[in-house]
Amino acid sequence: MIMPRRKPSIGQDGRFCMCVKPSISSYSQLTVMEDAVVEKQEAIEQEIRDAALASDVEAEEYSGLSAGAADNVVRLYQSDFAEGTYRITEPGKYVVMEDIVFDFKAPEGYLDGDLET
């Protein structure tokens, strides 16, 4: 009488394994052009350098804002747009401090010509 297996077994040589065993003939050899690999690697390295430079410039601009380097810095929040379109009436550096949802409606007095400039 043959006893059924109580625990799964792959055997010492893997012959009972249920995983896919592709045949050697299903593999194919690929040739990679070395120049293409080098060009791709150089392009990736250039993208990394550009991203690092952009983040350095961005950090420099932000540090200039926090240090008060600009004469007139206006920070814009969602609440600035509650009454409709925000009108820029003086020069300066305008910094959007959060995600803004725009609702393009004219400010009060627009149709009457009663806007302050």
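## A tour from helix to aromatic cluster

Start by colouring by confidence: among the elements of the protein, helix H1 (residues 34–66) has the lowest mean pLDDT, 80, while E1 has the highest, 88. Keep in mind that you are looking at a predicted model. Across the protein, pLDDT averages 75, and 63% of the residues score at least 70. Where pLDDT is low, the predicted coordinates should not be read in detail.

**The whole chain.** Zoom out and show the cartoon. You will find one helix and two strands, in the order α-β-β from the N terminus on. Now switch on the surface: the protein exposes about 11,100 Å², with carbon and sulfur atoms supplying 55% of that area. Of its 117 residues, 8% are buried. If you draw the contacts with a separation of 6 or more, 13% of them join residues 24 or more positions apart.

**The strands.** Next, select residues 73–76 for strand E1 and 93–96 for strand E2. How do E1 and E2 pair, and over how many bridges? They run in the parallel sense, and four bridges connect them. To see one place where they meet, pick arginine 75 and look across to E2, where valine 95 stands opposite.

Stay on E1 and show its side chains. In a regular strand the side chains alternate between the two faces of the sheet. Here Val74 and Leu76 point to one face and are buried, whereas Val73 and Arg75 point to the other and are not buried.

**Into the loop.** Move on to tyrosine 77, which sits in the loop between strand E1 and strand E2. Is tyrosine 77 buried or partly exposed? Its relative accessible area is 36%, so tyrosine 77 counts as partly exposed. Select its surroundings, leaving aside neighbours within four places in sequence, and you will see tyrosine 77 in contact with Met97, Glu98 and Ile100. For a distance check, draw a line from tyrosine 77 to valine 95: the two are 18 residues apart in sequence, and their C-alpha atoms are 8.9 Å apart.

**The aromatic cluster.** For the last stop, select Phe81, Tyr86 and Tyr94, which form one aromatic cluster. How many aromatic pairs are there to find? The count comes to two. One is formed by phenylalanine 81 and tyrosine 86, a tilted pair with 6.0 Å centre to centre and 55° between the planes. The other joins tyrosine 86 to tyrosine 94, edge-to-face, at 6.4 Å centre to centre with 65° between the planes. Tyrosine 86 therefore takes part in both pairs: the angle with phenylalanine 81 is 55°, and the angle with tyrosine 94 is 65°, with over 60 counting as edge-to-face.

Finish by colouring these three residues by accessibility. Phenylalanine 81 counts as buried because its relative accessibility is 15%, under the 20% cut-off. Tyrosine 86, at 29%, counts as partly exposed, and tyrosine 94 is partly exposed too, with a relative accessible area of 22%.

Definitions and conventions:
Residues numbered from 1 in each chain as written. Heavy atoms only, no water. Phe/Tyr/Trp six-rings, centres within 6.5 Å; stacked < 30°, edge-to-face > 60°. Buried < 20%, exposed > 50% of the residue type's maximum accessible area, 1.4 Å probe, protein only. Contact = heavy atoms within 4.5 Å. Areas by Shrake-Rupley, 256 points an atom, 1.4 Å probe, with all protein chains shown as cover. pLDDT = per-residue confidence, 0-100. Pairing = 2+ DSSP bridges.
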